[in-house]
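Me: I am new to this structure. Please take one part, look at it closely, and then connect it to the rest.

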Amino acid sequence: MPRKPSARAARIWRRLAQNYGARLAEQYGSTCPPDWCEVIDRTDNERLDRALVTVRRDHLQFPPTLGQFEAAIPKREFGQARDSITDRLAAHAIRTLNLCEHQSWKPWSYFGVKVEDGKRLLPTVTGVVIPECKHEGCYRFGKPGHRVLATDLQA
Ligand SMILES: [Zn+2]
């Protein structure tokens, strides 16, 4: 009998299943496989959230391989200062909003301002707009889209 996936591994697996639907089960089965569990169990939640964001962005059609998933996990040394605001906004949105797959897959619009930095104007992202779902029958259909601001990240 293989060991039952941890609660964390099961949670990540549900998130991947939201993104990839039946394709995930076809490729890997309905529960998190032991080798995936091992990788998930030794990675902290924040890095897992970031990995899910990267995976969502880079693997639109098919679920990633375990190697691709591992590659999406940020290295521990990757300091807060180097985190891009877009990554953090996306991670925050995915963690706090109950997005449907349609919203997850549609392009999101990041917006921002130009901030003066010495003599240059640096574009700085201040928020993101996540569109509403237009798929009738979806649990998000008819509900408004979302706007996540950089200032929400402090909360
Ligand atoms: Zn939807």
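Reply: Two strands pair if DSSP finds at least two bridges between them. Strands are DSSP runs of E with at least two residues, helices are runs of H or I with at least four, and both are numbered from the N terminus. This is a predicted model, where local features need pLDDT of at least 70, side-chain atom pairs count only at pLDDT 80 or more, and totals for chains, interfaces and linings use all residues. Residues are numbered from 1 along each chain as its sequence is written.

Start with the hairpin. Strand β1 covers residues 109–117, and β2 covers residues 120–130. The two run antiparallel, joined by nine bridges. F111 stands opposite G127 in β2. Two residues separate β1 from β2 in this hairpin. In the turn, G118 has a positive phi of about 65°.

How well covered is β1? Hardly: none of its nine residues is buried. Buried means 20 or more other C-beta atoms within 10 Å of the residue's own, the C-beta atoms being placed from the backbone; 12 or fewer is exposed, and partly exposed lies in between. Over the chain, 23% of the 155 residues are buried.

β2 also has a share in the largest nonpolar core. Such a core is a set of buried Ala, Val, Leu, Ile, Met, Phe, Trp, Tyr and Cys residues joined through C-beta atoms within 7 Å. This one has 26 residues, and I12, A51, A93 and I94 touch the most other members. At least two residues come from each of α1 (7–20), α3 (34–41), α4 (45–58), α5 (66–72), α6 (85–96) and β2. Domain 1 (7–72) and domain 2 (85–154) each give the core at least three residues; these bounds come from an automatic or database assignment. In soluble globular proteins, nonpolar side chains tend to be buried together.

Now two core members. Leaving out residues up to four places away in sequence, A51 touches F69, A72 and I73. I12 in α1, along with R8 and A9, meets W36, C37, I40 and D41 in α3. Contact means C-beta atoms, placed from the backbone, within 7 Å.

α1 and α3 pack at about 110°, their axes 9 Å apart. These two helices are therefore roughly perpendicular (65 to 115 degrees).

Finally, the whole chain. Seven helices and three strands make it up, in the order α-α-α-α-α-α-α-β-β-β. Its C-alpha trace spans about 65 × 45 × 25 Å along the principal axes.

How values were computed: Two residues are in contact if their C-beta atoms, placed from the backbone, lie within 7 Å. Axes are lines fitted to C-alpha atoms, for helices over the stretch in contact, and angles run from 0 to 180 degrees between N-to-C directions. Angles under 35 degrees count as roughly parallel, over 145 as roughly antiparallel, 65 to 115 as roughly perpendicular and the rest as oblique.
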